[in-house]
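Got your viewer open and a selection box ready? Here is a walk through the model, one pick after another.

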Amino acid sequence: QVQLVESGGGLVQAGGSLRLSCAASGRSFSSYAMAWFRQTPGKEREVVARITSTRNRVYYADSVKGRFTISRDNAKNTVYLQMNSLKPEDTAVYYCAARLDYSGTFYSTAEYEYRYWGQGTQVTVSS
């Protein structure tokens, strides 16, 4: 099992930057595919970015391509989401998620595929 704790959210003006962190406890962090999702009231949770366990293959939602970067530091059991050029529509609760990915070939971005979730961190972008 793995426990996930997000941090780094907050209030920022449009055009600004934030870096979210997700610290994982438990064993074998490097065997987990990691993803960031976000959710706004009244809407379904949507994937923002995903990184595989090995080979660091990444996926980005079209809405954040070129602005957000997902990365991981297996030595620190942490995955990051660097968010630049933030827009008011990026306002949401951001969640970190994980699932086992021994082969490094887990490419799914479907919410139901991820077994472990953090509690979420609020990101608010003012115009």
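Before the first pick, a rule for sheets: two strands count as paired if DSSP finds at least two bridges between them. The strands themselves are DSSP runs (E, at least two residues), numbered from the N terminus. You are looking at a predicted model, where local features need pLDDT of at least 70, side-chain atom pairs count only at pLDDT 80 or more, and totals for chains, interfaces and linings use all residues. Residues are numbered from 1 along each chain as its sequence is written, and side-chain values use heavy atoms, with hydrogens and water left out.

**Stop 1: the open sheet**

Select residues 68-73 and 78-83. These are β7 and β8, which pair in the antiparallel sense over 6 bridges. Zoom in on Phe 68: what is its bridge partner in β8? That would be Met 83.

Now widen the selection to the whole sheet. Its 4 strands are ordered β1-β3-β8-β7, and the sheet is open with antiparallel pairing. At the edges you find β1 (2-7) and β7, each pairing on one side only. Neighbouring strands here are turned by 15° against each other on average, direction ignored (axes are lines fitted to C-alpha atoms, and angles run from 0 to 180 degrees between N-to-C directions).

**Stop 2: the disulfide**

Next, pick Cys 22 and Cys 96. They form a disulfide with the sulfur atoms 2.1 Å apart; the cut-off for calling one is a pair of cysteine sulfur atoms within 2.5 Å. The structure holds 1 disulfide. Measure the torsion about the S-S bond in your viewer and compare it with -80°, a left-handed link. Cys 22 belongs to strand β3 (residues 18-26) and Cys 96 to strand β9 (residues 92-100), so the link ties together parts 74 residues apart in sequence.

Are these cysteines buried or exposed? Cys 22 is buried at 0% relative accessibility, and Cys 96 is buried at 0% too. Buried means under 20% relative accessible area, exposed means over 50%, and partly exposed is in between (1.4 Å probe, protein chains only).

**Stop 3: strand β11**

Select residues 121-126 and show side chains. In a regular strand the side chains alternate between the two faces of the sheet. Along β11, Thr 121, Val 123 and Val 125 point to one face and are buried, while Gln 122, Thr 124 and Ser 126 point to the other and are not buried.

Then add its partners. Strand β2 (residues 10-13) pairs with β11 in the parallel sense over 4 bridges, and Leu 11 stands opposite Thr 124. With β9, β11 runs antiparallel, joined by 3 bridges; Ala 92 has Val 123 as its bridge partner there.

**Stop 4: the aromatic cluster**

Select Phe 37, Phe 106, Tyr 114 and Trp 117, which form one aromatic cluster. Rings of Phe, Tyr and Trp (its six-membered ring) pair if their centres lie within 6.5 Å; planes under 30 degrees apart count as stacked, over 60 as edge-to-face and the rest as tilted. The whole structure has 4 such pairs.

In one of them, the centres of Phe 37 and Trp 117 are 4.9 Å apart with planes at 50°, so the pair is tilted. Phe 37 sits in strand β4 (residues 32-39) and Trp 117 in strand β10 (residues 116-117), 80 residues apart. Phe 37 is buried at 1% relative accessibility, whereas Trp 117 is partly exposed at 24%. Phe 106 and Tyr 114 have centres 5.4 Å apart and planes at 75°, so that pair is edge-to-face. Both Phe 106 and Tyr 114 are buried.

Now add Arg 45. Its charged end sits over the ring of Trp 117, 4.1 Å from the centre (for a charge over a ring, NZ of Lys or CZ of Arg must be within 6 Å of the ring centre and within 35 degrees of the ring normal). Arg 45 also lies over the face of Tyr 95, at 4.5 Å from the ring centre.

**Stop 5: salt bridges**

Last pick: Arg 38. A salt bridge here is a side-chain nitrogen of Lys or Arg within 4 Å of a carboxyl oxygen of Asp or Glu, and the count comes to 6. Arg 38 meets Glu 46 at 2.7 Å, N to O, and Asp 90 at 2.9 Å. Arg 38 is in β4 and Asp 90 in the loop between β8 and β9, so this pair ties together parts 52 residues apart in sequence. Arg 38 and Asp 90 are buried, while Glu 46 is partly exposed at 38% relative accessibility. Add Arg 67 to the selection: shared partners join Arg 38, Glu 46, Arg 67 and Asp 90 into one network.
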